[in-house]
Amino acid sequence: MNGPQVSAEAERMAALGGSWTIEGGGATVFSWDYDSGSEQLLALYGRGKQRQWDAEVRLDWSHQVDPDNPLGMPDEFVWIADSDLWRALPEADRIIVRRHLAGWLYSQFLHGEQGGLVCAAKVVQTVPDIDAKFYAATQVMDEARHVEVYQRMLDTKIGIRYGMSSPLRSLFETIVRDSRWDITYLGVQVLIEGLALASFSIQRDRLHDPLARTLNAYVLQDEARHVAFGRLALRDFYRQLTDAELREREEFAIEACWTLRDRFAGEDMWRTLDYGAKECIELARRSPAMREFRRRLFSRIVPTLRDINLFGPRMQQALQELGVFGFSEIDGAAINAEDERLAQEIDRQERLVRGKEVADTIAVGKEGIA
């Protein structure tokens, strides 16, 4: 069982340059109706304006992470930790796994946020309502900031980067190619942002490193608004669609749900690490950490699907087969509100700590002058 060398990491990071071009569709829509609009969407727009945050100021980038475990990740968070394979690994190899898992996770966050940036800009262009354009404009800024912070974490704190995973790439390709604005909403605001909420909430709650924990709390606060935006925008629109149109969107959502459930086990990472990729992928899919991720993922996606009227017999059958139908009874809006509340509390605590550190530094300086 041979782990990768540093030189291999550098080569892989260097290979990530270039770009990915997708031929997309969609008409550009100008709205001349500036007066009528959704009060709820406009309220979200107001919150989006008020809660913009500057990553340079808000986060303590001077913090030194543990180079062996840059996220402060407890071992139960490692997908293969509850296995004979993990128990047989020497500590040096466990460090390699922790570092690469951090790099793989934050690489997917980085790529996913850029996908969200591109799709939010597409929504501004294609959505017909002016109030939705307003809110989507705040989301463009949110997503740009998220790309900034995850890139900085990867470059300055983790030092390992991976390409976009095949499942995430496939989802974004489908979303961007489709010309209909509501498919962009459904794919990004409901499904991929649901994936983000699950991941970021776990990061917020379980990581020990204060920089990683605080960063994910701030991002989570933004993403909770994005999901609320998608839910409000799609709810009335989908009630106007024909049964055939709803079935088409349900099929898209069902396929995406299976992808989100089964195909985010870090396959490319395990193939790179060479500890027995097939065994590691199977262990990851069955791990307690993955079960927690799925629980949080579908506790956010399923109530939203019900709320936006994508909850016909085919969808309900698929959710039964996925083993997640029970989440349909959850109040998704309440979960989003709790995510925002917890993020605000972490923000308050972090500001208090930073304020005390500044005050202590000033006090020490005064003593030196005296």
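## A walk from helix 13 to proline 70

Start by selecting alanine 289, which counts as buried because its relative accessibility is 14% (buried means under 20% relative accessible area, exposed over 50% and partly exposed in between, with a 1.4 Å probe and protein chains only). Before going further, note that this is a predicted model in which local features need pLDDT of at least 70 and side-chain atom pairs count only at pLDDT 80 or more, while totals for chains, interfaces and linings use all residues. Residues are numbered from 1 along each chain as its sequence is written, and side-chain values use heavy atoms, with hydrogens and water left out.

**Stop 1: around alanine 289.** You are in helix 13, residues 288–307 (helices are DSSP runs of H or I with at least four residues, strands are runs of E with at least two, and both are numbered from the N terminus). Now show Glu76, Phe77 and Trp79: alanine 289 touches these three, not counting residues up to four places away in sequence (contact means heavy atoms within 4.5 Å). Tryptophan 79 is 210 residues away along the chain, yet its C-alpha lies 6.0 Å from that of alanine 289.

**Stop 2: the nonpolar core.** Keep Trp79 selected and add Tyr106, Leu186 and Trp270; these four have the most contacts inside the largest nonpolar core, which has 105 residues. Such a core is a set of buried Ala, Val, Leu, Ile, Met, Phe, Trp, Tyr and Cys residues joined through side-chain atoms within 4.5 Å.

**Stop 3: helix 8.** Select residues 181–206 to light up helix 8, whose 26 residues reach 36 Å from first C-alpha to last, close to the 38 Å expected at 1.5 Å a residue (the expected span is 1.5 Å times one less than the number of residues). Of those 26 residues, 24 are buried. Centre the view on glutamate 193 to find a kink of about 35°, the bend being the angle between axes fitted to the seven residues ending there and the seven starting there.

**Stop 4: arginine 296.** Return to helix 13 and pick arginine 296. Its side chain makes a polar contact of 3.1 Å with the side chain of serine 201 (a pair of N or O atoms within 3.5 Å; within protein, one must be able to donate a hydrogen and the other to accept it, and residues adjacent in sequence count only if both atoms are side-chain atoms).

**Stop 5: proline 70.** Finish in the loop between helix 3 (55–58) and helix 4 (84–88), where proline 70 sits. Proline 70 is buried, at 2% relative accessibility.
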